[in-house]
Amino acid sequence: MTEPTRRTILRRSAVVGGAALAATVPALTPAQAEPASTPAARAAAITVRTGDPRYPQLIRGTNKRWVGSPDYIRLVSSADQVVEAVREAVAGGKRVAVRSGGHCYENFTTSADIEVVIDLSQLNSVTFDAHERVFVVEPGARLGDVYDTLFKRWGVTLPGGSCPSVAAGGHIVGGGYGALSRLFGLTVDHLHGVEVVTVDEGGAVRKVLATRDAADARLRDLWWAHTGGGGGNFGIVTKYLLRTPGVTGSDPAALLPRPPAELLTSTASWSWDGLTQSGFKRLVKNFGDWFVAQGGPGAAHLDLFSQLKAAHRSAGAITLVTQLDATRPGSRADLDAFTAAVGAGVPVRPQVSTQRLTFLDATRWPGFAGGDPTLRFEDKSAYMRASFPDDQLSAAYHHLTRTDYTNPAALLLIAGYGGRVNAVAPDATAVPQRDSVMKLQYLAFWQDAAEDDRHLAWVREFYRDVYAATGGVPEPGRVTDGCFVNYADVDLGDPAHNTSGTPWHALYYKDNYPRLRRVKAGWDPRGILRHAQSVQPATG
């Protein structure tokens, strides 16, 4: 990958097409455009249409339930190609969607009305801009490659997700969390700026640079909207600029978090055989209680991240996967104590294995990473502020032990959360859940389309019953705190599934939604980017 020149990111954000940018955003001259020696000087954009052998691959994402039928897919490898693709689609009146890694859980990039998909997978460099003191991650860069490049070249990392095939594009704009978030916060807590392709009221298409330090409030708001506002809302991100707030100096190794050199990992499994309802409840509540006690930003064990995978009984076992800093004195004792605390009082002894891994190997450890890319799935989410009440545990046990539904790939996944995530104010970024201590996923995976209804019904019934006291959804309150926007779930907007009276946007964004609506009105007033749960522009 070619390093950017010292020409600044600001100069590279040239105005392209249409009238001059509003007075608050200075127009740039052609001499300030991105030079040919930068990563933008790549192959021409590629257009893939029906009949091309690539078309069947490019109309699908990770969730095989969704298959699109666009007129064409435009594969781009530079920001200017994104501008041109958007301009062409807008001029032709075509409905546009943007995709980076294809991991959207719903059909936001494959719905039948989408005519053009702008595919960012080839816009995928990871570089450092020495003049601006920022790391530049393009939206098509997959997290595995991001971690690999940042660590090998500069010894730093981002506290992003654990699935290496997820691309930065949708991941970061939704907040970005993972195994190091308790220690370092969310990825957006390190987001300095974004380069975004936007479309104004008159149809002019431009590249705009928005940073947390922008003198203009309108540009700061555009940056803020990308710190958790979700993809497909405000524009098309062509560069993420990353630097930890408050750091000084010019050494790249000091501008983002430095991960542990080695991680101690553990897998502990409790067999369903002999696990009674009371034993199940004890196991899950023990896990929750530990993260409640260790959920604050000053907790003693911020380097410890864990997931409890409460699989359906047909899978045979419930599994606890954990990692923590292996280089810290006492780490093995702390791991053993954590495993013992989770299993305390449970009438089944776990089978436990441990492994010491280098940092990059840990980012690929199958305990957290990846999955089968050929599967169909359904996923629902919840944030937890407190440990599990008994009615929720009873509902979980019922659905995980049902005999009328068997699927070893169905589970409740409970991830530890909080720590340094909770050091940030709810309105400082667009992510409002800043005192939660766990993040939950209700999941089922399968392959046969003929079984869609059966698996969807199980996930929906499970979710509905766990949150029966709050209208079938995890309303913001004492125990729960809404849903994660990157685990998109259109059922949240359906009164057949959400009887709480709380709208879907309040579950994702809480009190930050009005500000997001104002940003939408200011930067995408025509709704060029939209989907079933896109932010609606403010009116009046």
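Which side chain does a polar contact of 3.0 Å join to that of His455? Keep that in mind while you load the view. This is a predicted model.

**Stop 1: His455**

Select His455. You have landed in helix H12. Now show the side chain of Glu451: a polar contact of 3.0 Å joins it to the side chain of His455. Add Arg454 to the selection. Its side chain also has a polar contact with that of His455, at 3.4 Å.

Is His455 buried or exposed? His455 counts as buried because its relative accessibility is 1%, and buried means under 20%. To see contacts from further along the chain, select Tyr405, Asn407, Ala444 and Trp446. Each is in contact with His455, leaving aside neighbours within four places in sequence.

**Stop 2: helix H11**

Move to residues 390–400, which form helix H11. Colour Gln392, Leu393, Ala395, Ala396, Tyr397, His399 and Leu400. These residues of H11 are buried. What covers them? The cover includes two helices, H8 (277–293) and H12 (452–466). It also includes strands S11 (305–311), S14 (376–384) and S15 (410–416).

**Stop 3: strand S14**

Stay with S14, one of the elements that cover H11. S14 is mostly covered: nine of its nine residues are buried. Turn the strand and look at where its side chains go. Arg376, Glu378, Lys380, Ala382 and Met384 point one way. Phe377, Asp379, Ser381 and Tyr383 point the other way.

Next, select residues 438–446, strand S16. S14 and S16 pair in the antiparallel sense, over nine bridges. For one such pair, pick Ala382: its bridge partner in S16 is Leu440.

**Stop 4: the five-stranded sheet**

Now find an open sheet of five strands. Trace the order S5-S6-S9-S7-S8; the pairing is antiparallel. Which strands are at the edges? They are S5 (126–129) and S8 (205–211), each pairing on one side only. Look along the sheet for its twist, which averages 25° from one strand to the next.

Zoom in on S5 and S6 (134–137). They pair in the antiparallel sense over four bridges. Select Phe128 and Phe135 together: Phe135, in S6, is the bridge partner of Phe128.

Between S5 and S6 is a loop, and Arg133 lies in it. Arg133 has a positive phi of about 60°, although it is not a glycine. Its relative accessible area is 21%, so Arg133 is partly exposed.

**Stop 5: helices on the sheet**

Select residues 79–91. This is helix H3, lying across S7 (191–199), S8 and S9 (236–242). H3 runs at about 35° to S7. Then add helix H7, which packs on the sheet and touches S7 and S8. The direction of H7 makes about 85° with that of S8.

**Stop 6: where H7 meets H14**

Keep H7 (217–225) on screen and show helix H14 (513–523). The two pack at an angle of about 115°, with their axes 10 Å apart. H7 passes H14 in a left-handed crossing. From H7, select Arg218, Leu219, Asp221, Leu222, Trp224 and Ala225. From H14, select Arg515, Leu516, Val519, Gly522 and Trp523. These residues make the contact. By class, the contact has seven nonpolar, one polar and three charged residues.

Finish at Lys510, in the loop between helix H13 (504–509) and H14. Lys510 has a positive phi of about 50° and is not a glycine.

Terms used: Residues are numbered from 1 along each chain as its sequence is written. This is a predicted model: local features need pLDDT of at least 70, side-chain atom pairs count only at pLDDT 80 or more; totals for chains, interfaces and linings use all residues. Side-chain values use heavy atoms; hydrogens and water are left out. Axes are lines fitted to C-alpha atoms, for helices over the stretch in contact, and angles run from 0 to 180 degrees between N-to-C directions. A crossing is left-handed if the near helix is turned anticlockwise from the far one by less than a right angle, and right-handed if clockwise. Contact means heavy atoms within 4.5 Å. Ala, Val, Leu, Ile, Met, Phe, Trp, Tyr, Cys and Pro count as nonpolar, Asp, Glu, Lys and Arg as charged, and the others, Gly among them, as polar. Buried means under 20% relative accessible area, exposed over 50%, partly exposed in between (1.4 Å probe, protein chains only). Two strands pair if DSSP finds at least two bridges between them. A polar contact is a pair of N or O atoms within 3.5 Å; within protein, one must be able to donate a hydrogen and the other to accept it, and residues adjacent in sequence count only if both atoms are side-chain atoms.
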